[in-house]
Amino acid sequence: MKFKLTTLFSFFFSLVSAQEITVLDEDSREPLLNVAIFNNDRTKSSITDNDGKADISDFTETEILIFSTIGHVETYRRKREILKDNNIVLLKPSENQLEQVTISVARFKLQQDEIPQKIVNISPADIQLAAPQTSADLLESTGQVYVQKSQLGGGSPMIRGFSTNRLLITVDGVRMNSAIFRSGNLQNVISVDPLFIDKAEVILGPGSVVYGSDAVGGVMNFYTLRPKFSLEEGTSLSGNIYTRFSTANNENTVHADLNVGRENWAFISGITYSDFGDLKMGEHGPDDYLRNEYAIRENGEDKMIQNPDPLVQKPTGYKQINLLQKVKYMPSKDWDLNLGLIYSNTSDYPRYDRLYRKRDGILRSAEWYYGPQTWFLGDININHRSNSTYYDKVQFTGAYQFFAESRNDRDFGKPVLFTTEENVDAYSANLDFEKDFSESKFFYGFEYVINNIASEGNFRNIETSETGETASRYPDGSKWQSIAAYASFQWKLREDLSLQSGLRYNHILLDATFDDQFYDFPFDEADISTGALTGSLGLNWKQNEVLRWRLGLSTAFRAPNIDDIGKIFDSEPGSVVVPNPDLKPEYAYNGELGADLNFSDNIRIALTGYYTYLDNAMVRRDFSLNGVTEIDYQGEPSTVQAIQNASNAYVYGIEAGLEVDLSVALRLTSQFNYTYGRENEGGEYVPLRHAAPLFGNTHLIWNKRRLKLDLFTEYNGQFDFEDLAPGEQDKPYLYALDKNGNPYSPSWYTLNLTGQYKVNQNWLATIALENITNQRYRTYSSGISAAGRNLIIGLSYTF
């Protein structure tokens, strides 16, 4: 009798267990909380818990269950089909921006339709379809971030008239901006492998309350692949193998990632290797961009030779490898421990825009290249849930990053190769809390960041092998620190009205000692201790089913870093930038108003207008050292300049987005951006360098069953000579020339077609033909022309 009762109990327990299902996000395979499950007449219902689990024993085998939650497409599944699929239900993320969940605004999950900020979301499906070579290309594909390129191994984003160290990059919540992020164009974003990205969120506008210094124009948040637990007993294996070839620069990319999951442990490993050849531009456009000759060294002599194909930009190719390793452990449902390791390294890569400048008809440089760009990120992330008086969720993130970069240049006809090398050791710690109340959420946290900089300069005579020291780019041994506390509050005033506010205090410490071995500076050190208080206030009001309003007011700041205070470099031919220890933070004051319109869920329009005023701006201006305004730098007389708090600027603009569902399978999307920026230079307001021309894109996407087709165009307005910033007017070699011989940035467009075919559950093929009409163009301020007609073939195997 005892055996029979035990057997009966076991049978009953397995029957009950079989009625418990797990609901997951289709892309990330993460459990989904608060998914409503009900039948057609809503007489039966259930809801998922923190682990995405729900009991469906009340439903009959033949009933159709409806799964509904914000941020995902409503899904219909028959119960018996769910049980056949191991009790797993996958929900597809919604493509409606307003229905998505965002992490970047508060470091914890928030519904996007309750926040005032404009957020650009990039999903794994977007990445697959765009097939970007770098993360800079991925950002550009959104049509809402403008990207400048000085060379193929580069990509400097521009957002709302700001760029470089007035924008912030984070990876897995860790601040990537280091103390040597400069005001000149940056290429650090290419260290983030697009094939490692699980999702990305771009905040358009200030984000200093949560992220501190540099978050003036926007914040680019990248979240990389996450380990996934096994959904069955034992160990599960899953992964992806991907390869891509592009004709415009003979790109060969190979990627693989492998996930090993157990009940409480999960591991994911990834690798990507890319080989990029010299980039070929298009046939139809300005002849000013052609690469007619280039330098080689032959028999111990520099020579200018004719390029057999002036469309090929020689030299521009390089190689890159990226590695990822992550471990996740959940000892209980309240604890979540994560370890992440990311490594990126490039080969040497040419600074192309320095290789075609001429002096008296002769190339200025025989060599100008960046040494390997190396980046390592190691971080530990610990999450805990609790019903404590002080928090419901707490998150600790501790990280170490290593940056290495170098610059190498040699004048044409001269034997001396000059090199500067920089290493940065960056440590950071973040402690963030969330406390939920009935109609509100309170977020607060603390941050500490320290950067240690090592910098050296040297030269080598390539003919005699003589070596020696030269001036370093930065003060060797300098240190930059940031200490901060913040708090933000989200309050649901009514069902249709939400308020969000926040404050942050940041204290910056900078210490640098200057070496007077090569230059007679009128100072020995820079010792800066300065603070900044920033805040934000915003409203999100759903006026009716059609119209939603977003209103935001915010301040942001950028504190001086080592690059501002202590850099020595040649900003342009005949000019040298020298240290200035007397800098103070610059402040931005921003206001924006947005409207989101939703007509019967078939037509969606998003409009945002913004205005930003930048005060006490740090800009490059003429300077003097002990009364001297010109010095010798690497053998050339150069005008002395320095970064100074010598200006103010303003930017305003309009961002517009359109989505139209023409049918179940056909969708039209479009993005449009207009930016107007002016900077005070000597009492006169002149064009702001990083205010981009009018730009945008339009996509017509057909998606049915296994096939997806995307016919799209990208376009860019024109900047005439008078629209260029004075610093850009002085760089005619970057631009086309108008009928008066003045530089200008012509308008351009491209027509493109991408197709994806899902062969089966495992295989996905992507074929794209970009720049079909073979246009020859450069994005504004760029030193390299974009790809001409480009055939891309990609193949992915998922298991």
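Student: What makes the charged end of Arg160 count as sitting over the ring of Tyr610?

Tutor: The term applies when NZ of Lys or CZ of Arg is within 6 Å of the ring centre and within 35 degrees of the ring normal. The charged end of Arg160 is listed as sitting over the ring of Tyr610 at 4.3 Å from its centre, so the distance satisfies the 6 Å limit. Arg42 is likewise placed over the ring of Phe38, at 4.0 Å from the centre of that ring. This is a predicted model, in which local features need pLDDT of at least 70 and side-chain atom pairs count only at pLDDT 80 or more, while totals for chains, interfaces and linings use all residues. Residues are numbered from 1 along each chain as its sequence is written, and side-chain values use heavy atoms, with hydrogens and water left out.

Student: Why is the pair of Phe489 and Trp491 given the class that it has?

Tutor: Rings of Phe, Tyr and Trp (its six-membered ring) pair if their centres lie within 6.5 Å, and planes under 30 degrees apart count as stacked, over 60 as edge-to-face and the rest as tilted. The ring centres of Phe489 and Trp491 lie 6.4 Å apart with the planes at 55°, so this pair is tilted. Both residues belong to one aromatic cluster, together with Tyr391, Phe433, Phe442 and Tyr444.

Student: How many aromatic pairs does this rule give, and what joins Tyr400 and Tyr427?

Tutor: The count comes to 24 aromatic pairs. Tyr400 and Tyr427 form a tilted one, with 5.0 Å from centre to centre and 45° between the planes. Tyr400 lies in strand S32 (residues 393-411) and Tyr427 in strand S33 (residues 416-436), so the pair ties together parts 27 residues apart in sequence; strands here are DSSP runs (E, at least two residues), numbered from the N terminus.

Student: Why is Asn506 called buried or exposed?

Tutor: Buried means under 20% relative accessible area, exposed over 50%, and partly exposed in between (1.4 Å probe, protein chains only). Asn506 has 1% relative accessibility, so it counts as buried. Asn506 lies in strand S37 (residues 497-513), and its side chain makes polar contacts of 2.7 Å with the side chains of Ser482 and Arg504. A polar contact is a pair of N or O atoms within 3.5 Å; within protein, one must be able to donate a hydrogen and the other to accept it, and residues adjacent in sequence count only if both atoms are side-chain atoms.

Student: How do you know that Glu434 and Lys393 form a salt bridge?

Tutor: A salt bridge needs a side-chain nitrogen of Lys or Arg within 4 Å of a carboxyl oxygen of Asp or Glu. The N to O distance for Glu434 and Lys393 is 3.9 Å, so the pair meets the 4 Å criterion. Glu434 in strand S33 and Lys393 in strand S32 are 41 residues apart. Glu434, at 0% relative accessibility, counts as buried, whereas Lys393, at 23%, is partly exposed.

Student: Which residues are joined into one network by salt bridges that share partners?

Tutor: The network consists of Arg297, Asp302, Glu367, Arg410 and Glu463. Within this group, Arg297 and Glu463 meet at 3.1 Å, and Glu367 and Arg410 at 2.7 Å. Arg410 is buried at 2% relative accessible area, whereas Glu463 counts as exposed at 53%. A search of the whole structure finds 46 salt bridges.

Notes:
Helices (H or I, at least four residues) and strands (E, at least two) are DSSP runs, numbered from the N terminus.
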